[in-house]
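This briefing is meant to be read beside the sequence and the coordinates. It takes up strand pairing, then the ligand site, then some backbone details.

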Amino acid sequence: MRLIFPVPASGPAEPIAPIDPAAGGGPGIAQIARLYAYPPAAPAGPAAPAGPAAPAGPDGGGPGRPWVRANFVASADGAATAQGLSGPLSGEADHEIFSVLRSLADVILAGAGTVRAEKYRPVRDHEAYAGLRAGRAPTPPIAVVTGSLDLDPDGPLLTEAPAWARTILLTTEAAPADRRAAAARHADVVVAGRDMLSVEAIITALADRGHQRILVEGGPHLLGQIAAAGMLDELCLTLSPLLAGGRGGRILASGPAGGDDLPGTQGALSLAHVLEDSGFLLCRYVRRSDS
Ligand SMILES: NC(=O)c1ccc[n+]([C@@H]2O[C@H](COP(=O)([O-])OP(=O)(O)OC[C@H]3O[C@@H](n4cnc5c(N)ncnc54)[C@H](OP(=O)(O)O)[C@@H]3O)[C@@H](O)[C@H]2O)c1
């Protein structure tokens with residue numbers, strides 16, 4: 001893996017030492033963690049409303065609420081899935097960054113569609129580098145956004161979560177009471193809306209639990225809402241060197257009020273860095289402060 005952007009004026013692309021999971025990541029892990037460092041944590045409190053106030057970026061302070069980072073993979077022709085899953089688009093380097101990003105996060109946020117399609121489980125020990133979790137629990141919890149609570153209450157995502165990272169289910173008053181009761185046996189059920197959850201309610205619910213570094217892993221519908229609300233601070237995007245074809249959607253789908261008639265774009269990004277490995281481009285974008 002090598003850093004190809006920004007290129008130091010003085011010389012060629014910087015090589016990154018290989019990550020060695022057996023050695024706690026080895027020297028490469030510190031280099032990569034530096035590239036993906038979060039801005040200083042915001043003070044605990046409710047989510048700031050969306051608006052022109054934008055994140056200061058990785059070098060400055062945060063946006064005054066939790067920092068919302070997303071990690072997605074897409075094919076060279078822009079597909080977010082192949083055969084209905086993201087796995088076929090991924091590769092070794094993408095897996096490595098995936099683990100680093102999980103290690104750096106306080107909480108992992110996913111929509112129920114992703115959780116059901118990708119058969120989500122709690123974060124495993126080997127996906128979280130201990131050296132990146134100083135002062136925090138060994139693994140971060142998974143938080144699921146679900147209006148229906150149509151999730152297996154006895155499935156591994158709920159029952160196999162460790163006590164320090166119980167799965168969080170962010171749901172609505174409209175979710176059937178029996179599902180809420182069944183899910184609450186093993187998970188933390190948080191009711192944060194009537195029929196739908198607003199993005200502000202989702203972020204505030206996580207901030208209230210002390211989570212300041214939020215990693216959104218999917219899916220396109222949840223990401224679309226977060227971007228539309230102006231609360232996507234950072235996008236980590238792996239571009240995979242393959243053509244997917246087919247009808248797989250893009251990484252950003254319209255939110256409930258969306259459609260092709262959405263005016264304008266959902267925000268301008270600055271390119272913070274690009275890593276390259278075996279033809280995979282691992283890009284980190286930060287929302288532009290004037291967007
Ligand atoms: N390329 C990548 O990096 C990547 C990453 C992640 C996922 N994916 C792929 O994307 C697909 C799944 O993504 P998706 O966009 O269809 O689904 P999604 O965004 O993961 O989940 C949508 C579901 O989340 C819940 N939800 C979302 N917003 C809500 C809100 N405001 N209030 C209440 N509930 C809300 C609803 O769950 P209920 O139905 O339970 O109410 C909704 O059906 C899969 O094929 C997966 O493989 C790709």
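Which residue in strand 10 is the bridge partner of Arg2? In this predicted model, the bridge partner of Arg2 in strand 10 is Glu276, and that pair belongs to an antiparallel pairing in which 3 bridges join strand 1 to strand 10, residues 269–277. The points below begin with the sheet that holds these strands and then turn to the ligand.

**The sheet**

- The strands form an open sheet of 11 strands with mixed pairing, and their order is 2-1-10-11-9-3-8-4-5-6-7.
- Strand 2 and strand 7 (188–191) stand at the edges of this sheet, and because each has a single partner strand, one side of each is left without a neighbour in the sheet.
- At one of these edges, strand 1 (residues 2–5) pairs with strand 2 (residues 14–15) in the antiparallel sense over 2 bridges, and there Glu14 of strand 2 is the bridge partner of Leu3.
- Leu3 also stands opposite Leu275 in strand 10, while Leu275 in turn has Leu282 as its bridge partner in strand 11.
- Strand 10 and strand 11 (residues 280–287) run antiparallel, with 8 bridges between them.
- A parallel pairing is found between strand 5 (residues 142–145) and strand 6 (residues 168–171), which are joined by 3 bridges, and Val145 stands opposite Leu170 of strand 6 in this part of the sheet.

**The ligand site**

- The ligand takes up the space of the largest pocket, and the elements that give two or more residues to the shell around it are strand 3 (67–75), helix 3 (112–117), strand 8 (213–218) and helix 7 (220–228).
- Helix 3 supplies the largest share of that shell, with 5 residues.
- The shell around the ligand has 27 residues, of which Val73, Ala80, Thr114, Glu118 and Ser148 come nearest, and by class it has 11 nonpolar, 13 polar and 3 charged residues.
- An N or O atom in the side chain of Ser148 is 2.7 Å from an oxygen atom of the ligand.
- Backbone N or O atoms also approach ligand oxygen atoms, with one of Gly113 at 3.0 Å and one of Gly219 at 2.9 Å.
- Taken alone, the ligand exposes 920 Å², of which the protein buries 83%.

**Backbone details**

- As a background to the next points, most residues other than glycine have a negative phi, and most peptide bonds are trans.
- The peptide bond from Gly218 to Gly219 is cis, with omega near -10 degrees, and Gly219, which lies in the loop between strand 8 and helix 7, is also a residue whose backbone contributes an N or O atom 2.9 Å from a ligand oxygen.
- A cis peptide bond likewise joins Phe5 and Pro6, where omega is about -5 degrees, and Pro6 lies in the loop between strand 1 and strand 2.
- Gln83 is not a glycine, yet its phi is positive, at about 50 degrees, and Gln83 is found in the loop between strand 3 and helix 2 (92–104).
- Ser278 takes a positive phi near 50 degrees in the hairpin of strand 10 and strand 11, which has 2 residues between the strands.

Definitions and conventions:
Residues are numbered from 1 along each chain as its sequence is written. This is a predicted model: local features need pLDDT of at least 70, side-chain atom pairs count only at pLDDT 80 or more; totals for chains, interfaces and linings use all residues. Side-chain values use heavy atoms; hydrogens and water are left out. A residue is near a molecule or strand if one of its heavy atoms lies within 4 Å of it. A polar contact is a pair of N or O atoms within 3.5 Å; within protein, one must be able to donate a hydrogen and the other to accept it, and residues adjacent in sequence count only if both atoms are side-chain atoms. Accessible areas come from the Shrake-Rupley method with a 1.4 Å probe; for residues, only the protein chains shown count as cover. On a 1 Å grid over the protein atoms alone, a cavity is a set of points where a 1.4 Å probe fits but cannot get out, and a pocket is an open set with protein on both sides within 12 Å along at least five of seven lines; lining residues have an atom within 4 Å of a point. A molecule sits in a cavity or pocket if more than half of its atoms lie within 2 Å of its grid points. Helices (H or I, at least four residues) and strands (E, at least two) are DSSP runs, numbered from the N terminus. Ala, Val, Leu, Ile, Met, Phe, Trp, Tyr, Cys and Pro count as nonpolar, Asp, Glu, Lys and Arg as charged, and the others, Gly among them, as polar. Two strands pair if DSSP finds at least two bridges between them.
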